[in-house]
Amino acid sequence: MLNRQKEGLPIVGGAALVAIILLLLCGMVGIMLVKGMQHFWPAPLYEVTYQDAKGEPKSMYASLLSKDFTTTGGHKRWLFNQARLYQFSDQQHLLEEQQILRMQTLPELIDIQLRSGNRLFARLLGVNDGEVPLPLAQLPELLDQVSAEVAAISEVEQGRLAAIHQQIAQYNRRAVEEEAPARVKLEQEFSTLMASLDARRKTLAQIRLLLVFDTGEHYHLPLADVEKYLQINQQGNLQKFVTFLGNIWEFVSDTPKRANSAGGVFPALFGTVVMVLLMTLIVTPLGVMAAIYLNEYAPNNSVTSLIRIGVNNLAGVPSIVYGVFGLGFFVYQVGGNIDKLFFSEHLPAPTFGAPGIFWAALTMAMLTLPVVIVATEEGLRRVPDSLRQGSYALGATQFETLWRTVIPMASPGIMTGVILAIARGAGEVAPLLLVGAVKFAPTLPVDMEFPYLHLDRQFMHLGVLIYDGAFHSNSIGHGSSMMFASCLLLLLVVLSLNIVAVVVRAKLRRQYQAMAGQG
């Protein structure tokens with residue numbers, strides 16, 4: 001009886017450890033889920049009347065973020081988020097509960113989100129076109145028309161105007177004379193386009209919103225500066241849910257704004273996925289070939305043992321060391337020589353001699369290479385020697401045996417290494433800061449411009465976005481909830497990539513187990 005109890009202790013202890021680990025994981029995901037969802041759910045706006053430090057009553061338009069802050073004396077504090085004009089970030093106010101004199105929701109209060117990423121809380125009084133007042137019912141239609149015109153102007157600026165700038169820059173590099181007919185024609189087209197765009201902007205500037213802020217100040221806001229507005233206090237639960245879904249779509253499809261504390265994360269999401277896919281395409285064949293050599297061809301001697309020890313130790317090297325190596329070798333040495341050989345006309349401006357997504361993928365491939373090698377070697381060892389001997393007995397060469405028998409049977413182990421590489425590569429930040437990831441990239445690494453995949457471009461990464469937002473943002477309210485939402489999205493990206501790899505691994509395992517059973 002005593003022996004059975006002793007045997008059961010490790011089982012109970014192991015189950016308890018597993019339960020603790022699961023609780024920690026669920027707690028981590030739960031915190032990110034709750035905090036992240038706060039970023040998308042529309043919060044009501046209040047007119048808050050409170051007493052300041054001098055005991056004088058003041059009022060502000062704000063949303064309530066939390067009631068959980070307490071002082072050393074046990075007094076509860078409420079955290080409000082206030083957004084006024086000319087502020088580059090939302091302003092938080094901690095008020096003791098006894099300071100608050102009154103809180104009320106006003107139907108005319110609106111949350112205005114500007115194209116710059118800033119927000120405004122104000123009362124909407126009216127809309128006008130120049131001096132002509134317009135019905136408020138026309139505001140949604142007017143905003144759609146103005147947004148379409150702003151998009152058209154932006155398309156001209158990023159299209160034809162950008163092409164003219166590039167052509168003029170080429171003329172400057174070639175020292176083309178100012179009186180050259182082609183250059184004169186190009187500059188005339190530039191002047192005509194600029195005059196047309198200025199006229200269109202002046203027309204847009206006539207359509208304005210009449211707002212009143214909590215200070216009592218009246219302000220005419222050009223409708224062209226408005227991205228969208230929400231009349232939150234007039235929305236029912238169904239409308240709030242629709243707004244919630246719209247905010248999620250905006251988050252994954254829009255670009256970051258206001259120092260990565262507002263807007264969306266699409267460039268970072270896109271850059272993360274592209275970098276991980278490039279890294280996977282690089283590290284998988286290199287890791288598999290290295291493992292095949294070590295397991296199938298290399299002699300079993302002290303040199304091979306040292307190589308295996310070195311590979312295992314490389315997995316423990318700090319990631320920042322890989323980043324420094326990638327910057328010094330890939331970027332400065334390899335990229336600099338590529339520029340000298342193929343892009344000398346662009347020097348001293350570097351093309352490949354600067355951090356970019358290709359060097360980032362190579363660096364991350366080096367970082368994850370030991371993981372793939374170890375996992376692949378383990379998969380190769382699990383292939384029974386009897387299969388190799390049977391293949392040799394049928395007249396197959398060693399290469400044919402590897403290609404047609406061993407590698408297919410070891411493919412689940414190879415996919416395990418790929419899964420681990422994806423998980424680590426998607427979450428690393430330190431090396432990417434040195435070899436290509438930036439806080440904001442004006443263009444994507446993949447677009448419709450030839451050659452479509454631009455390996456020399458810098459890119460945005462979700463991990464870098466989270467790092468920048470968490471450590472360089474003074475916001476503890478709306479901005480921090482965006483960081484939690486970004487963390488949740490990064491987990492979903494890693495989970496999605498891993499699910500795809502796990503499904504492929506399971507399919508391969510079933511396929512070759514069936515083949516082995518038939519054999």
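A salt bridge here is a side-chain nitrogen of Lys or Arg within 4 Å of a carboxyl oxygen of Asp or Glu. With that cut-off, a search of the whole structure turns up 21 salt bridges. Keep in mind as you click around that this is a predicted model.

**Stop 1: Asp52 and Lys58**

Select Asp52 and Lys58 and show their side chains. The two form a salt bridge, and their closest N and O atoms are 3.8 Å apart. Colour by accessibility and the partners separate: Asp52 is buried, at 17% relative accessible area, while Lys58 is partly exposed, at 42%.

**Stop 2: a bridge between two strands**

Next, pick Glu96 and Arg77, whose side chains meet in a salt bridge with an N to O distance of 3.8 Å. Which strands do the two residues belong to? Glu96 sits in strand β4 (residues 91-96) and Arg77 in strand β3 (residues 76-82), so this pair ties together parts that are 19 residues apart in sequence. Glu96 counts as buried, with 19% relative accessibility; the cut-off for that class is under 20%. Arg77, at 28%, counts as partly exposed.

**Stop 3: a bridge within one helix**

Move to helix α3 (residues 181-205) and select Glu187 and Arg183. Their side chains form a salt bridge at 3.5 Å, N to O. The two residues are 4 apart in the helix, which means that about one helical turn separates them. Is Arg183 buried or exposed? Arg183 is buried, with a relative accessible area of 5%, and its partner Glu187 is partly exposed at 28%.

While you have salt bridges on screen, select Arg308, Glu377, Glu378, Arg381 and Arg382 together: salt bridges that share partners join these residues into one network.

**Stop 4: two packed helices**

Now hide the side chains and show helix α5 (residues 266-297) with helix α10 (residues 398-427). Two packed helices are described by the angle between their axes and the distance between the axes. For this pair, the angle is about 140° and the axes lie 9 Å apart, so α5 and α10 are oblique to each other. The crossing of α5 past α10 is right-handed.

Bring the side chains back to see what makes the contact. On the α5 side, look for residues including Met275, Met279, Val288 and Ile292. On the α10 side, the contact residues include Phe399, Leu402, Ile414 and Val418. How many of the contact residues are nonpolar, polar and charged? They divide into 15 nonpolar, 5 polar and 1 charged.

**Stop 5: Asp111 in strand β6**

Centre the view on Asp111, found in strand β6 (residues 109-114). Asp111 counts as buried, with 2% relative accessibility. Add Gln231 to the selection: Asp111 and Gln231 are 120 residues apart in sequence, yet their C-alpha atoms are 6.6 Å apart in space. Leaving aside neighbours within four places in sequence, Asp111 is in contact with Leu45, with Arg119, Leu120 and Phe121, and with Lys228, Tyr229, Leu230 and Ile232.

**Stop 6: Asn128 in strand β7**

Finish at Asn128, which is placed in strand β7 (residues 119-129). Asn128 counts as buried, at 10% relative accessibility. Which residues does Asn128 touch, not counting those up to four places away in sequence? Select Pro133, Leu134, Gln206, Ile207, Arg208 and His220 to light up these contacts of Asn128.

How values were computed. Residues numbered from 1 in each chain as written. Predicted model: local features only at pLDDT ≥ 70, side-chain atom pairs only at ≥ 80, totals over all residues. Heavy atoms only, no water. Buried < 20%, exposed > 50% of the residue type's maximum accessible area, 1.4 Å probe, protein only. Axes fitted to C-alpha atoms, helices over the stretch in contact; angles between N-to-C directions. Parallel < 35°, antiparallel > 145°, perpendicular 65-115°, else oblique. Left-handed = near helix turned anticlockwise from the far one by under 90°. Contact = heavy atoms within 4.5 Å. Nonpolar A, V, L, I, M, F, W, Y, C, P; charged D, E, K, R; others polar.
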